[in-house]
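User: Please walk me through where the ligand sits and what surrounds it.

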Amino acid sequence: MSQPLSVAEYKATVAALLPAARTVTLPVEECHGRVLAEDVTAGVSLPPFDNSAMDGYAVWAADVAGASERAPIELPVAADIPAGRTDGPPLEPGTAHRIMTGAPMPDGADTIVKVEDTDGGTERVRLFAAAEVGKSVRRAGEDVAGGAIALRAGTLLGAAQLGLAAATGRDALAVKAGLRVLVLSTGSELVLPPDPLRHGQIYESNAIMLAAAMRALGCEVDVVRSVADDVGTFREILAKHSEHADLIVTSGGVSAGAYEVVKDALTSEGVRFTKVAMQPGGPQGCGTVAGTPIVTLPGNPVSVLVSYEVFLRPALLTALGHAHVDRPVVRAQLLEPLAAPAGKRQFRRGFYTPPVAPGAGSVTGTVGPRGGPGSHLLAAFTQANCLIVIDEDTTEVAEGAEVDVLLLS
Ligand code: AMP
Ligand code: MG
């Protein structure tokens, strides 16, 4: 096998392999977490009309000038305007309209006296405070002008963005579709519940992790959770299930032993199997099979998740149109010494605690490892919220030293 690739080289290789997502139009309520694929032009102004910001009374400012607790001004109440009233009459000088928050300003009225500054009357009202012109009035178009771009293509759609799209009258949006991913777990030892384990067998877990992680990004994931280590069987299942896939992700069968089914089946197809200078997750492979991109991950569950975080997740986010594809990396003080192999970037599972009072005193948080370096230690991963990154040239990190920490949540 040739010289190991660096993490950066392999990351770029995987990113270049994935196809850009298609654009689909989806109901707004299905767009959360997706990337907008069109500019959204506001079909209406926001607010669409001048309206009251308070429950109170719409008046002419000149009519209430000088009103106070001691010298209230009394006006007849000529109309009642709840939110939603579409036929409110104009306001004659010397009168008031009782008005609710969000109700349209009557023609003529130029200010609002809030209900707390009145006696709340319905026939006549005593006003205990003055209000300058425009007080508690929300102007049409103050938030977004009609015809302006409310949301730009490329925007990540969270709750606020979907709310804005809905407020402009949209019920569907063009967004980036998730990739359709086929996940195959290889290994003759893999068993699914409710089957009992016989000695030498284990329950399958990689496909569950990969499917969950990729579905959370909006991908449509098909899963075959147990493919025997038999080249013929593997090829058959791959061909049968990959027809509609934009991407195939396998686990297991790519390292240096015998019975490496993925490697054995796909080397002749032009998939490139390589070593990456990292731990865990050294043995990797990627390429295309019958035109479909394939990423072949190693089998150990921790290797799978680390490989996913380091290579697949950023590549998928790029394919899905995200602007920010990398997890944040922060510096943290190591709580116990760590050893690491020379020539490999190590990703240890850790628990990061942010600085107690950012800006005051310590500026870095702390991080402690969770579990050892073993790539089978999945339980320790469940206790972790970060990966401690130890670079290729470092073999020992002392307690108290600063390390890079890749935050997973
Ligand atoms: P392999 O890369 O196929 O040699 O697998 C490495 C290790 O990961 C072995 O101990 C396998 O039993 C384990 N493994 C492989 N695939 C899975 C899976 N889908 N779920 C859980 N463990 C797995
Ligand atoms: Mg295997």
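User: Which residue has a polar backbone atom 3.0 Å from a nitrogen atom of ligand 1?
Analyst: This is a predicted model, where local features need pLDDT of at least 70, side-chain atom pairs count only at pLDDT 80 or more, and totals for chains, interfaces and linings use all residues. Residues are numbered from 1 along each chain as written, chains are lettered from A and ligands numbered from 1 in written order, and side-chain values use heavy atoms, without hydrogens and water. A polar contact is a pair of N or O atoms within 3.5 Å. The backbone partner of that nitrogen is serine 205.

User: How much of the accessible area of ligand 1 does the protein cover?
Analyst: Accessible areas come from the Shrake-Rupley method with a 1.4 Å probe. On its own, ligand 1 has 490 Å² of such area. The protein covers 77%.

User: Where does ligand 1 sit?
Analyst: A pocket is an open set of points on a 1 Å grid over the protein atoms alone, where a 1.4 Å probe fits, with protein on both sides within 12 Å along at least five of seven lines. A molecule sits in one if more than half of its atoms lie within 2 Å of its grid points. For ligand 1, that place is the largest pocket.

User: What is the volume of the largest pocket?
Analyst: A volume is the space filled by probe spheres set on the points, which are joined across faces, edges and corners. For the largest pocket, this comes to about 500 Å³.

Note on methods: Polar contact = N/O pair within 3.5 Å; in protein donor to acceptor, adjacent residues only side chain to side chain. 1 Å grid on protein atoms, 1.4 Å probe; cavity = no way out; pocket = protein on both sides within 12 Å on 5 of 7 lines; lining within 4 Å.
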